[in-house]
Amino acid sequence: MTLREHAEDVHEQFSDHLDITVDDVEDRLSTLVDEYKVPVEEARRSVTNHYLDEADMDRDALGSGGSNAEPGLAEVDAPEEWIDVTAKVVDLWDPRSDAVAQVGLIGDETGTIKFTKWAKSDLPALEEGAVYRLENVVTDEYEGQFSVKLNSTTVIEELDEDIEVGDDTEEVAGALVDIQSGSGLIKRCPEDDCTRVLQNGRCQEHGEVEGEFDLRIKGVLDDGEDAHEVIFDKEATEDLTGMSLEEAKDMAMDALDTTVVADEMAEDVLGRYYRVAGPVFGRYVLADEVEELDGPVDHEDALIRARSI
């Protein structure tokens with residue numbers, strides 16, 4: 001999508017609320033992208049937020065501004081897009097915040113994706129195992145992991161049918177050869193349903209916040225032929241390293257430096273062999289299941305196992 005097309009989309013969303021032109025929107029986008037080298041999607045979010053503030057509008061009231069695409073859930077690959085989906089509620093989780101009415105996993109033939117339904121949207125409850133037509137949901141993304149959010153403009157229709165949900169689980173195995181930047185003791189945004197990792201104390205969405213400590217490893221498994229990027233969450237990281245979150249916080253406090261945590265983890269796990277299985281988000285496999293192996297991976301065996309999933 002060109003910068004002009006992004007500008008036209010944003011203009012269509014605000015044309016009934018603000019006296020702006022497509023050229024105005026494109027100029028703002030161009031300044032961010034060309035002068036400040038901001039990625040296009042991030043620039044679009046920034047410009048959209050500017051116009052939301054100027055129009056004193058809530059994001060939920062924004063709407064799609066036009067007809068929506070209907071991608072398969074596994075094909076969602078960009079944030080801030082308004083789409084329609086037909087999906088089955090695979091799993092429901094307990095919300096972490098009163099601002100969230102429901103959160104869980106929905107799926108279609110292509111795979112699954114996380115969904116969030118805001119309490120203030122006042123939408124009917126979704127039931128696990130039921131199939132729904134969801135019109136006007138907006139996509140979101142964090143570290144390559146895409147999700148959809150239901151809002152006050154979303155239309156929900158329960159369907160009398162079933163969907164065979166596609167399995168997007170992948171299994172990879174190999175030696176852990178690298179721990180990437182952003183591993184170890186990190187801080188996440190504490191705002192409702194936002195888990196973004198802070199950069200220099202700032203959340204990309206909510207600005208400067210206090211942050212809550214968490215553990216993770218962004219690693220690379222190499223099976224001798226291919227390299228696979230894997231994210232280990234707090235639970236998997238604690239199991240992998242034997243280091244708890246409290247121990248990591250104490251270690252960082254003693255050293256007055258959080259980087260010592262990732263360094264300590266690297267000494268414990270680099271060069272060891274692991275088999276990891278979990279869903280794929282962006283370029284990462286999220287480690288739901290982790291098994292430490294005794295030695296090098298047989299590439300053909302790993303390929304056969306992966307194809308059998």
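**Exercise 1. Find where Asp223 sits in this predicted model, and work out which partners its side chain has.**

Start with the position: Asp223 belongs to the loop that links β11 (212–222) to β12 (227–232). Keep in mind that the model is predicted.

Next, look for a charged partner. Asp223 is buried but has no salt bridge. The nearest side chain of opposite charge is that of Arg275, 10 Å away. A salt bridge would need a side-chain nitrogen of Lys or Arg within 4 Å of a carboxyl oxygen.

Then turn to the backbone. The Asp223 side chain reaches the backbone nitrogen of Glu225 at 2.8 Å. A polar atom of that side chain also lies 2.7 Å from the backbone nitrogen of Asp226.

To conclude, Asp223 is a buried acid without a salt bridge, and its side chain reaches the backbone nitrogen of Glu225.

**Exercise 2. Trace the strand partners of β1.**

Take β4 to begin with. Strand β1 (residues 82–93) pairs with strand β4 (residues 131–142) in the antiparallel sense, over six bridges. For a concrete pair, pick Thr86, whose bridge partner in β4 is Arg133.

Now go to β2. Strand β2 (residues 100–108) runs antiparallel to β1, and five bridges join them. Here Leu92 stands opposite Gly104.

Last, check the connection: β1 and β2 make a hairpin, with six residues between them.

**Exercise 3. Two residues other than glycine, Lys37 and Asn136, have positive phi. Compare their settings.**

First, some background: most residues other than glycine have a negative phi.

Consider Lys37. Its phi is near 60°, and it is found in the loop between α2 (22–35) and α3. Lys37 counts as exposed because its relative accessibility is 64%, and the cut-off for exposed is over 50%.

Now consider Asn136. Its phi is near 70°, but its place is in strand β4. Asn136 has a relative accessible area of 11%, so it is buried; the cut-off for that class is under 20%.

Put side by side, Lys37 is an exposed residue in a loop, whereas Asn136 is a buried residue in a strand.

**Exercise 4. Describe the second largest pocket: how much space it holds, and what lines it.**

Begin with volume: about 550 Å³ of space lies in this pocket.

Then identify the lining. There are 24 lining residues, and those nearest the centre are Glu42, Arg45, Arg196, Gln204 and Glu205. The elements giving two or more residues to the lining are α3 (40–54), β4, β9 (202–203) and β11.

Finally, ask which element contributes the most: α3 does, with six residues.

**Exercise 5. Place Thr116 and Arg188, and decide whether each is buried or exposed.**

Thr116 lies in strand β3 (residues 111–118). With 1% relative accessibility, Thr116 counts as buried. Now look across space: Lys149 is 33 residues away from Thr116 in sequence, yet the two C-alpha atoms are 4.8 Å apart.

Arg188 lies in strand β8 (residues 184–188). Its relative accessibility is 16%, so Arg188 counts as buried too. Follow its side chain and you will find a polar contact with the side chain of Asp214, at 2.6 Å.

How values were computed. Residues are numbered from 1 along each chain as its sequence is written. This is a predicted model: local features need pLDDT of at least 70, side-chain atom pairs count only at pLDDT 80 or more; totals for chains, interfaces and linings use all residues. Side-chain values use heavy atoms; hydrogens and water are left out. Helices (H or I, at least four residues) and strands (E, at least two) are DSSP runs, numbered from the N terminus. Buried means under 20% relative accessible area, exposed over 50%, partly exposed in between (1.4 Å probe, protein chains only). Two strands pair if DSSP finds at least two bridges between them. Lys and Arg count as positive and Asp and Glu as negative; His and the chain ends are not counted. A polar contact is a pair of N or O atoms within 3.5 Å; within protein, one must be able to donate a hydrogen and the other to accept it, and residues adjacent in sequence count only if both atoms are side-chain atoms. On a 1 Å grid over the protein atoms alone, a cavity is a set of points where a 1.4 Å probe fits but cannot get out, and a pocket is an open set with protein on both sides within 12 Å along at least five of seven lines; lining residues have an atom within 4 Å of a point. Grid points are joined across faces, edges and corners, and a volume is the space filled by probe spheres set on the points.
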